[in-house]
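Notebook open, structure loaded. I want to go through the ligand site, then the sheet, then the domains.

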Amino acid sequence: MRFDVITLLPELVESVTQVGVTGRAATRGLIELHCWNPRDFTEDVHRTVDDRPYGGGPGMVMKAESLLKTIRAARKASLAVNKTAKVIYLSPQGKQLDQSAVRKMSAGTDAEQGLILLCGRYEGIDERIIELEVDEEWSIGDYVLSGGELGAMVIIDAITRLLPDVLGHKDSAEQDSFTDNLLDCEHFTRPEVVEDLQIPAVLKSGDHKAIAKWRRKQAIGRTYQRRPDLLLKNSLSSDDKTLLEEYLNEQDL
Ligand code: 9WO
């Protein structure tokens, strides 16, 4: 999948293709990242990308002209290879990203045609850019960052790990938290005892059915206690309700 990122800080965004799962995906050619710096699309000696806000107030706003040129250059380059990539603006005003949105982007036309991720800095970008060129506006959560880059990197990371062949183990992405709106169960590895704390006995039983049942019970119980809002998204099957009752009974012990 191809990602084109419009950013004043390409070094920051490029680090995503230099390390970890996303780094390996880039090396293996499963993802491609191209950064476009609006400063390279300025004409003046100072390479000005920002200006004072109309109406006054603190800070600066990213100017329309260089951004328009940058977005159109990115669109053209991406079009030559793929088809019509969407332009996504990262901002706290966007629709909040969740795993189902990520899954859609990693599977559908976005995966084939790529995404153009637009990162603002300063107080934001001239609104007319959003009107003219932005197809979708996404937020990664209710907090303010100093720019959209970390949001773009979050989207690239979350999509990449779902792409075919990226994760070694065939179904490890599918087994994760949120696959069916449930949080993950706990994990343990050796040694068996850490500061007097034992691992749950069932995990040593070798009984794969019992282990799978315990993991699902924990996932449901933890979701109920920590994120009840997620359980309301898809009502529990009667088997899952039984597991939740068992979990709550075991908690009282
Ligand atoms: C900065 C600022 C400073 C003084 C007064 C008001 C202010 N508002 C902002 C601001 O919202 N800056 C944004 C920085 C402008 C757009 C890019 N920036 C950004 C993106 N911050 N946080 C995000 C973001 C992106 C995706 N998901 C969550 C947050």
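**Entry 1: ligand contacts**

How far is a backbone N or O atom of Leu145 from a nitrogen atom of the ligand? I looked it up and got 2.9 Å. A caveat for myself before going on: this is a predicted model.

I then checked Ile140, where a backbone N or O atom sits 2.8 Å from a ligand nitrogen. For Tyr122, I found a polar backbone atom 3.2 Å from a nitrogen atom of the ligand. I also looked up how much of the ligand is covered: on its own it has 600 Å² of accessible area, and the protein covers 76% of that.

**Entry 2: the shell around the ligand**

I pulled the list of residues around the ligand and got 16. Tyr89, Tyr122, Glu123, Ile140 and Leu145 are the ones that come nearest. Sorted by class, the shell has eight nonpolar residues, seven polar ones and one charged one.

Which strand gives the largest share of this shell? My lookup says strand 5, residues 86–96, with four residues. That sent me to the sheet.

**Entry 3: the sheet**

I traced five strands in an open sheet, and the order reads 2-1-6-5-7. The pairing is parallel. A reminder to self: strands in a sheet pair through backbone hydrogen bonds, and the pairing can be parallel or antiparallel.

Why do strand 2 and strand 7 each have one side without a neighbour in the sheet? Strand 2 (32–36) and strand 7 (136–139) stand at the edges and each has a single partner strand, so one side of each is left free of a neighbour there. From one strand to the next, the twist averages 35°.

**Entry 4: strand pairs**

I went through some of the pairs next.

- Strand 1 (residues 2–6) runs parallel to strand 2, and five bridges join them. I noted Asp4, whose bridge partner in strand 2 is His34.
- Strand 5 runs parallel to strand 6 (residues 115–119), again with five bridges. Here Ile88 has Leu117 of strand 6 as its bridge partner.
- Strand 5 also pairs with strand 7 in the parallel sense, over five bridges. Lys95 stands opposite Trp138 of strand 7.

So noted: strand 5 pairs with strand 6 and with strand 7, and this strand also supplies four residues of the ligand shell.

**Entry 5: domains**

Last, I looked up the domain assignment, which gives domain 1 as 2–160 and domain 2 as 177–250. How far apart are the C-alpha centres of domain 1 and domain 2? I got 38 Å.

Methods: Residues numbered from 1 in each chain as written. Predicted model: local features only at pLDDT ≥ 70, side-chain atom pairs only at ≥ 80, totals over all residues. Heavy atoms only, no water. Domains from an automatic or database assignment. Near = heavy atom within 4 Å. Polar contact = N/O pair within 3.5 Å; in protein donor to acceptor, adjacent residues only side chain to side chain. Areas by Shrake-Rupley, 256 points an atom, 1.4 Å probe, with all protein chains shown as cover. Helix = DSSP H or I, 4+ residues; strand = E, 2+ residues; numbered from the N terminus. Nonpolar A, V, L, I, M, F, W, Y, C, P; charged D, E, K, R; others polar. Pairing = 2+ DSSP bridges. Axes fitted to C-alpha atoms, helices over the stretch in contact; angles between N-to-C directions.
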